[in-house]
Amino acid sequence: MNLSDSQTAGEMPRRISAMEAVLNHLRGAIERGEYAVGDKLPSEAELCRRLEVSRPVLREALRALQTMGLTVSRTGKGTFVISDGAVADPTFGDYAASDLLEVRRHVEIPVAGYAAVRHTAEDLDQLNHLLDRMEQETDTTAWVAMDSLFHLAIAQAAGNPVFRRVIEEIRDALARQSAFLNELGGRREQSNREHRAIVEALVDRSEHDAVEAMAHHLARVETTLTTIVRSQHRTVPSTEDEDHA
């Protein structure tokens with residue numbers, strides 16, 4: 001299989017990652033019925049050999065398939081196909097995307113406003129340090145970890161420990177969602193700019209601007225997620241259009 005050929009017609013003209021190429025290939029095979037509902041996917045070792053990718057890349061793709069509702073991983077048994085079409089509302093850890101976004105809108109937007117008027121100098125130092133590191137980071141896994149820390153730091157700056165506890169509760173889901181959006185939506189640079197706008201509003205102690213910046217950030221997250229989900233419902237290319245292993 002030539003992974004560089006896995007991008008389908010109509011996608012944005014951006015370079016896709018190896019993980020995305022593997023995901024597109026496996027998703028296409030499932031939706032075409034090459035792996036039917038109830039079938040077990042080949043072992044990780046076999047898929048790595050066929051697709052000529054590393055195990056970490058393959059595992060990211062397999063996690064994305066599960067997020068989309070196409071497969072389920074059974075400990076000690078392998079990965080099984082449970083649907084031939086991606087779900088409209090993917091799941092990140094314990095939470096559906098729609099539930100996660102609803103809570104984020106109702107919590108993180110007002111929290112940004114509180115942070116603008118309650119933050120300390122130490123809070124700003126931490127946020128600016130995180131932003132500087134995120135803007136220089138090229139590794140997705142490391143960036144995603146700092147992304148969740150950023151949102152925790154905003155909650156911390158709001159001065160109410162309950163807000164931080166809420167973000168802690170959904171932290172794993174936030175990280176999974178962030179990884180998903182960055183691998184399939186190429187959101188890292190855009191997120192960095194949105195994060196910077198939030199912190200600039202905090203520096204200015206502008207409650208209004210902080211609320212607006214966080215609302216914009218979450219709206220872009222939702223838009224990207226919706227675009228990805230819709231793309232999973234496109235007509236999948238025929239086997240004649242792919243170079244299989």
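The expected span of a helix is 1.5 Å times one less than its number of residues. I start there because helix H3 is the centre of this talk, and that definition is what its length is checked against. One caution before going on: what you see above is a predicted model.

Helix H3 covers residues 55–67, which is 13 residues. From its first C-alpha to its last, H3 reaches 18 Å, close to the 18 Å expected at 1.5 Å a residue.

Now the whole protein, briefly. There are 245 residues, and 47% of them are buried. The secondary structure comes to 10 helices and four strands. Along the sequence, the pattern reads α-α-α-β-β-β-β-α-α-α-α-α-α-α. Taking the contacts with a separation of 6 or more, 70% are between residues 24 or more positions apart.

Back to helix H3. Which residues of H3 are buried? They are Leu58, Ala61, Leu62, Ala64, Leu65 and Thr67. And what covers them? The cover includes helix H1 (18–31), helix H2 (44–51) and helix H8 (171–185), together with strands E1, E2 and E3, the last of these at 91–92.

Let me take one of those neighbours, helix H2. The axes of H2 and H3 come within 10 Å and cross at roughly 110°. Angles from 65 to 115 degrees count as roughly perpendicular, so H2 is roughly perpendicular to H3. On the H2 side, the residues that meet H3 are Glu44, Ala45, Leu47 and Cys48. On the H3 side they are Arg55, Leu58, Arg59 and Leu62. By class, this contact of H2 with H3 has five nonpolar residues, three charged ones and no polar ones. Leu58 and Leu62 thus appear in two places: they meet H2, and they are among the buried residues of H3.

Between H2 and H3 there is a loop, and glutamate 52 sits in that loop. Glutamate 52 is not a glycine, yet its phi is positive, at about 55°. Is glutamate 52 buried or exposed? Its relative accessible area is 66%, and the cut-off for exposed is over 50%, so glutamate 52 is exposed.

Next, the other end of H3. Just after the helix, glycine 69 takes a positive phi of about 80°. Methionine 68 is in the loop between H3 and E1. Buried means under 20% relative accessible area, and methionine 68 has 3%, so this residue is buried. Methionine 68 and aspartate 89 are 21 residues apart in sequence, while their C-alpha atoms are 7.8 Å apart in space.

That loop leads to the strands. Strand E1 takes in residues 71–74 and strand E2 residues 78–81, and the two pair in the antiparallel sense over four bridges. Threonine 71 has valine 81 in E2 as its bridge partner. Further along, serine 73 stands opposite threonine 79 in E2. As a general point, side chains in a regular strand alternate between the two faces of the sheet. The hairpin of E1 and E2 has three residues between the strands, and glycine 76 in this hairpin takes a positive phi near 80°.

Three residues elsewhere, to finish.

Glycine 113 lies in helix H4, residues 97–118. Its relative accessibility is 0%, so glycine 113 counts as buried. What does glycine 113 contact, leaving aside its neighbours within four places in sequence? The contacts are Glu207, Ala210 and Val211. The C-alpha atoms of glycine 113 and glutamate 207 are 4.4 Å apart, although 94 residues separate the two in sequence.

Arginine 205 is in the loop between helix H9 (188–203) and helix H10 (207–231). Like glutamate 52, which has a positive phi of about 55°, arginine 205 has a positive phi of about 55° without being a glycine. Arginine 205 counts as partly exposed, at 45% relative accessibility.

The last is arginine 165, in helix H7, residues 161–169. At 64% relative accessibility, arginine 165 counts as exposed. Leucine 152 is 13 residues away from arginine 165 along the chain, and 8.9 Å separates their C-alpha atoms.

Note on methods
Residues numbered from 1 in each chain as written. Heavy atoms only, no water. Pairing = 2+ DSSP bridges. Buried < 20%, exposed > 50% of the residue type's maximum accessible area, 1.4 Å probe, protein only. Contact = heavy atoms within 4.5 Å. Axes fitted to C-alpha atoms, helices over the stretch in contact; angles between N-to-C directions. Parallel < 35°, antiparallel > 145°, perpendicular 65-115°, else oblique. Nonpolar A, V, L, I, M, F, W, Y, C, P; charged D, E, K, R; others polar.
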